[in-house]
Each structure stands twice: as C-alpha cells, then as structure tokens.
Amino acid sequence: MQGGATIVMAVMVISSYAVSIFMSRAMGMKGKAVSIDQLHEIGNVPYLHEHYVSRGKVEEIIQGWLTQAPADGVHPRVFIEGMAGIGKTALAMFAVKSTVGHFWSGTFWLQAKSSSARTVLSYFEELHKRMSDLFVPSLSVSQKGQATWRLDEFVVSINGMLERRTCLVVLDGVQSPEVVEVMLQLKCTLLITTQVRSMLSNQTQFKHADVAPMDIDNSHKLFLKLVPNGVQQEGVEKVLESCGGHPLALSIVGTLFQDAMTPARVGKEADVGHLVTKLQDPRCRLQMHIKSETILHIPDVEKHSTVMRCFDFSLDALNKHEREMYVLLAALPPRSQATTHQLGAIWHLQDDQALCLAKKLERYCFLQKYVPSDDPNVTSNQWGMHVLQHDYIKVLREAMLHNVQQ
Ligand SMILES: Nc1ncnc2c1ncn2[C@@H]1O[C@H](COP(=O)(O)OP(=O)(O)OP(=O)(O)O)[C@@H](O)[C@H]1O
Ligand SMILES: [Mg+2]
C-alpha cells in the first residue's frame, strides 16, 4: 500500500513539473530564471556602488526603453553617453539592477577596452562562453570555447541560445563603432555606454541618454555618503562646487577627506585645512590621486585614479591639430558660453570650419552644445565647457609650453 502511495506521489510531482515546463514553453519562456549569484559570477555584472546617488528621471527613462517589447523583431538598443567619469557605467549598473526581474533569463556584462586591445571576435567568444555556462552547462569546455569559430558562427550559436529567452547584454565603455555594429546582430536588448556621442548616428532605432553633471544637492549627497560629517568642515562647500557635479571628482575628493579625517587625525584641523587649500588650486584638484580605489569600477581603476587621467583617454581620439585648437579654448572664461562665430574668432577659422570643429569636440564630450534659449536675442547654438575641462586645459597648456621650452 505504501509503495502505491509513493508511486502516486511521484507521478504527481513529475506531472506538475511537466505541466510547469509545458506552461513556460507555451508562454514562450525557456529555462529557469537567473539567480543573483549567477548574474554576478557568470553574467559578470558588477555590484552597484554603495555610495550610489540616484540620477533621477534618466534612470526611469532608461528602464522604460530597456523593457520595451521588441518592435518588428528589433530589440531595444540603448546608449548611455557622456564625458569621462560622469557616471555612465554607474548608471548602467543601476539599470541592470532595476531590470533584473524583466531580463529573467540573464544579463551579460562585457567590458570594452581600447579597440587595439580587444578584437571584435573576443567579445563574441566571451559572450558565447558566458551564455553556454548559464544556459547549457553540460557542454564541454572545448564546445563552449570554439576557438576556431568565425564571427558569424558565434552569432548563430548565441542567437540560438537567446531564442525564447529574455536577456540583456551590456557593453561598457565602447570607443569604436565596429564592435557595436556587429553586436546589432544579437537578438536581445543591448545597453551600451560610451564617451563618443551618436556613435552610429544613422540608426534611428537607437535611444540615447545623455548623462549630465549632478546638481549641487546630489553633489552634497554623494560626498556625505563617503564623508558623513564632512560638509560641516570649512571650505568644503567651495570644493564641492568646484567639482561641477562630476561624480568621479566628487568621489576622489570624498576619499581624500575620509583620509584627512581618520580618527587618528581627528583634532588636527591643519590636515583638513591643508587639503582644502590644495584643492583650491585647479591643477592640484585635477591631479590628486584617489585614496581608496575600492569605490571605483574595478576595470577602470587605472584610468579613474585621478580626474586628469580619465580625460586623457578622450584626448586620444583627437588629432594633433584638434588638440591644439582645444587648448585654445582657455580663452573662454569658465562657465561662459560662446557662439560658433566667437569660437571661430578664437580659432581663426571661418564659421563653417568652426562649426565642424565644435561638432567634433562635442562628439568626444570636450564641448557641450546649448540649444537656443527662450530669449529672442539668442538665436544660434551656444557652446560651453565643463568646469573641470578648464582645469584640464590649464594643465595641457603647461605641458605643451614645457615641451616647447625643452
Ligand atoms: N550616481 C553615482 N553615485 C555615486 N558615485 C558615482 C555615481 N556615478 C559615478 N560615481 C562615482 O564616479 C566613478 C566614475 O563613474 P563611472 O565609472 O560611472 O564613469 P563613466 O562615465 O563610466 O566614465 P568613463 O567614460 O571613463 O568610463 C565611479 O567609480 C563612482 O565612484
Ligand atoms: Mg565607464
């Protein structure tokens, strides 16, 4: 009798399992939902910073775009754009966290490096390996690696795994469009962060989110998360303003204050006072080394160790002539805006040539375009620079003069 009950129980369990598989298949779903551990270990998704401060509306906008249903078979493609250190990667981490429930099959984070350091094929090899590990763990190591495969073979195999699954692929820190162009063949949602504005401008299906600097309230919030009693210190308010809402600069400054205010140093006001004085010098501010790298995204530790370093990477995108013209922007007073004609006067260029150069600098986030305001006297585009770029130009000018003198 007992044996009969066991058999009945077993049949019930097996049939309920079969029904759940049938239901999920019927609903177009394949496999189990990804666990949080798998997301980080296999998907390579980084943990969101503990000191993360909300970027407000843009977070909701990105979440809305990512979770839209594919239109005509084309999955959402979302770009997060903005200058170095402005918080694109952090925002992408937040977007992944807030859409985990939607991308129930998995999210895969690929870290881009400069184009010479990583081939397009290597992104697909990595993605194929990660997806196989998650979706078909029974495959042998050599089947997951497929060292001899061509790009199109990887695309077919990956798209096969993506069928009836809902996945997100993140490509963080892309500098060249070639990788993105190939990624577009993937049948899943893509989130891309880049310092290059409108990388593939001819594609209308892309959504672009521009990351703006933080306002002063959020700058305070970020600083307070790192240095809870720091804002009461004298001179701190001015230091925070001088960061222009740049989260990396604020984070570096925060760790410097943490260090100056360690319990061993409490009472030595000179330490904090000395730091405040140092940070008032723009060149110093830009080159101060972070005291605790633990608050940075690990692959970017080297390039984010000072604010100066992170701008250097965008500078590589300019040729010698463009760099020289960028340095001439020192003629613009900080926080001012100039028309294309005024830029032309600084550069000794005709308006159309000045416009071309301004657009190139805007593309690499060295200049910001301001569309005409409600003021009827302002009819043409205005251009301006982030306050930290003025500091950067000062350092570049000195370096150039030094080279000339040698
Ligand atoms: N919203 C935020 N709240 C708190 N800290 C932030 C935020 N955004 C960025 N940061 C801090 O600034 C650092 C730089 O940000 P992030 O790596 O996102 O810049 P990025 O725009 O991706 O730069 P890059 O173009 O060089 O890759 C982070 O490591 C983090 O410490
Ligand atoms: Mg980044």
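The following exercises, each with a worked solution, concern the predicted model shown above.

**Exercise 1.** Determine how many residues surround ligand 1, and where in the chain the shell comes from.

*Solution.*
Step 1. Count the shell: ligand 1 is surrounded by 27 residues. The closest of them are Gly87, Lys88, Thr89, Ala90 and Pro247.
Step 2. Sort the shell by class. It contains 11 nonpolar residues, 12 polar residues and four charged residues.
Step 3. Identify the helices involved. At least two shell residues come from helix 4 (88-98), and at least two from helix 11 (247-260).
Step 4. Place the ligand relative to the domains. Because domain 1 (36-210) and domain 2 (238-307) both contribute residues to the shell, ligand 1 lies between them.

**Exercise 2.** State the order of the five strands in the open sheet, and explain which strands stand at the edges and why one side of each has no neighbour.

*Solution.*
Step 1. Recall the general principle: strands of a sheet pair through backbone hydrogen bonds, in either a parallel or an antiparallel manner.
Step 2. Read the order, which is 2-3-4-1-5, with parallel pairing.
Step 3. Find the edges. Strand 2 (106-111) and strand 5 (207-210) each have a single partner strand, so one side of each remains without a neighbour in the sheet.
Step 4. Consider the twist: on average, neighbouring strands of this sheet are turned by 15° against each other, direction ignored.
Step 5. Examine one pair. Strand 3 (residues 167-174) and strand 4 (residues 189-194) run parallel and are joined by six bridges. Opposite Asp172 stands Thr193 of strand 4.

**Exercise 3.** Describe which strands helix 4 and helix 5 lie against.

*Solution.*
Step 1. Helix 4 lies across strand 1 (77-81), strand 2, strand 3 and strand 4, and runs at about 175° to strand 3.
Step 2. Helix 5 (residues 120-135) packs on the sheet and touches strand 2 and strand 3. The direction of helix 5 makes about 150° with that of strand 2.

**Exercise 4.** Analyse the open sheet of three strands: what is its order, and which helix lies across strand 6 and strand 8?

*Solution.*
Step 1. The order is 6-8-7, and the pairing is antiparallel.
Step 2. Strand 6 (337-339) and strand 7 (368-370) are the edge strands, each pairing on one side only.
Step 3. Neighbouring strands of this sheet are turned by 35° against each other on average, direction ignored.
Step 4. Strand 7 is joined to strand 8 (residues 382-384) by three bridges. The bridge partner of Tyr370 in strand 8 is Gln382.
Step 5. Helix 16 (residues 340-347) lies across strand 6 and strand 8, at about 90° to strand 6.

Methods: Residues are numbered from 1 along each chain as its sequence is written. Chains are lettered from A and ligands numbered from 1 in the order in which they are written. This is a predicted model: local features need pLDDT of at least 70, side-chain atom pairs count only at pLDDT 80 or more; totals for chains, interfaces and linings use all residues. A residue is near a molecule or strand if its C-beta atom, placed from the backbone, lies within 6 Å of it. Helices (H or I, at least four residues) and strands (E, at least two) are DSSP runs, numbered from the N terminus. Ala, Val, Leu, Ile, Met, Phe, Trp, Tyr, Cys and Pro count as nonpolar, Asp, Glu, Lys and Arg as charged, and the others, Gly among them, as polar. Domain bounds come from an automatic or database domain assignment. Two strands pair if DSSP finds at least two bridges between them. Axes are lines fitted to C-alpha atoms, for helices over the stretch in contact, and angles run from 0 to 180 degrees between N-to-C directions. Two residues are in contact if their C-beta atoms, placed from the backbone, lie within 7 Å.
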